[in-house]
2 protein chains.
Amino acid sequence: MTDPSLGVLLFLPYRHMEQRILDAVVAAGYPVTLAQARVFQRVDADGSRLTELAASAQVTKQTAGFLVDQLEAGGYVERVPDPSDARARLIRITDRGHQAVAIARVMQDRIETEWREHLGDRELERLRSILLRLRGITDPWE
Amino acid sequence: MTDPSLGVLLFLPYRHMEQRILDAVVAAGYPVTLAQARVFQRVDADGSRLTELAASAQVTKQTAGFLVDQLEAGGYVERVPDPSDARARLIRITDRGHQAVAIARVMQDRIETEWREHLGDRELERLRSILLRLRGITDPWE
DNA sequence: CCAAACAAGTCAGAGAATCTGACTAAAGTG
DNA sequence: CACTTTAGTCAGATTCTCTGACTTGTTTGG
């Protein structure tokens, strides 16, 4: 096969991690879909606005709203008034949501450990540092 | 904001590249959707089987078939009998498909150049090499 | 060589995700 | 205060994706 493009090379580990974390969370009794998880993981600890989530997950506001509705119905997040803007509401993670996050974090750490064992400490940190720099020119939401 | 996870850090450049290439291809007069493109980019120069495409793009055979139908209708690929297996057909890129690929390749090269200018030669090559190693433990289709 | 297991792909149908366009209400701006 | 922008919702259509069942051809163990 031809050497895979950088795009594909980025996709593979991204998708691998995403899927394993999702599987772990679902298996632990927190049913969530992939699309919901992609929004959920972007909810800030202090709460996020819908518009922020949409921009960060790179979907429209409508899509983000649709998914937040479901996360709310599942008890993972709640919407509270935003004190600083009467139009907006803050989406915050509930207790149940935090439980799901904890499961996700465990699996995320496990995967990072696997990667560290495969690549070595130095290379994993290099990867992170390069990706952080790359973020400067590839993140539309900076 | 908290430091983004490795997952998000991988997602950002992946998605950035994907979107810009797609935009360029569409703007050049080759209408394709994102989902179609994700399958199309995996079609091998010598032709691919549906099952391969499905595994590589990480969707079901049915989804891959659905998307290949559309790529075929758009004139980007064709299905020819697979000489080595009467059940299978090879999906091959047509002339029109190759034209679209050429557009994509130009944009891909441009983006890689931007990344190279931002990161430096050495770091970009490091990124590629690390991702290639990471592929060993994250690619379900190896 | 043949029966059983397996693999490639399709068909049907349902559900999930996503978008565009139009809208309301609140904030910011000159 | 009018005007523009921003946050979010409503409605509707389209696209994507999956599960389950099936057909046809291939491989394999006895």
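Modeller: Two strands count as paired if DSSP finds at least two bridges between them. Keep in mind that this is a predicted model.

Colleague: Okay, so what makes β1 and β3 of chain A a pair?

Modeller: Strand β1(A), residues 48-49, and strand β3(A), residues 89-93, are joined by two bridges. The cut-off is at least two, so they pair. They run antiparallel, and A:S48 sits opposite A:I91 of β3(A).

Colleague: And why is β2(A) called a partner of β3(A)?

Modeller: Five bridges link β2(A), residues 77-81, to β3(A), and at least two are needed, so that is a pair. This one is antiparallel as well, with A:V80 facing A:L90 in β3(A).

Colleague: On to the DNA. Why does B:T33 get called a polar contact of DNA strand D?

Modeller: An N or O atom in the B:T33 side chain is 2.6 Å from a phosphate oxygen of strand D. The limit is 3.5 Å, so the pair qualifies.

Colleague: How do you know that B:T63 makes one too?

Modeller: A polar atom of the B:T63 side chain lies 2.8 Å from a phosphate oxygen of strand D, and that is within 3.5 Å, so yes.

Colleague: Which elements give two or more residues to the surface near strand D?

Modeller: They are α3 (50-57) and α4 (61-73) of chain A, plus α4 (61-73) of chain B. The most comes from α4(B), with five residues.

Colleague: What is the mix of residue classes there?

Modeller: Seven nonpolar, seven polar and seven charged.

Methods: Residues numbered from 1 in each chain as written. Chains lettered and ligands numbered in written order. Predicted model: local features only at pLDDT ≥ 70, side-chain atom pairs only at ≥ 80, totals over all residues. Heavy atoms only, no water. Polar contact = N/O pair within 3.5 Å; in protein donor to acceptor, adjacent residues only side chain to side chain. Helix = DSSP H or I, 4+ residues; strand = E, 2+ residues; numbered from the N terminus. Nonpolar A, V, L, I, M, F, W, Y, C, P; charged D, E, K, R; others polar.
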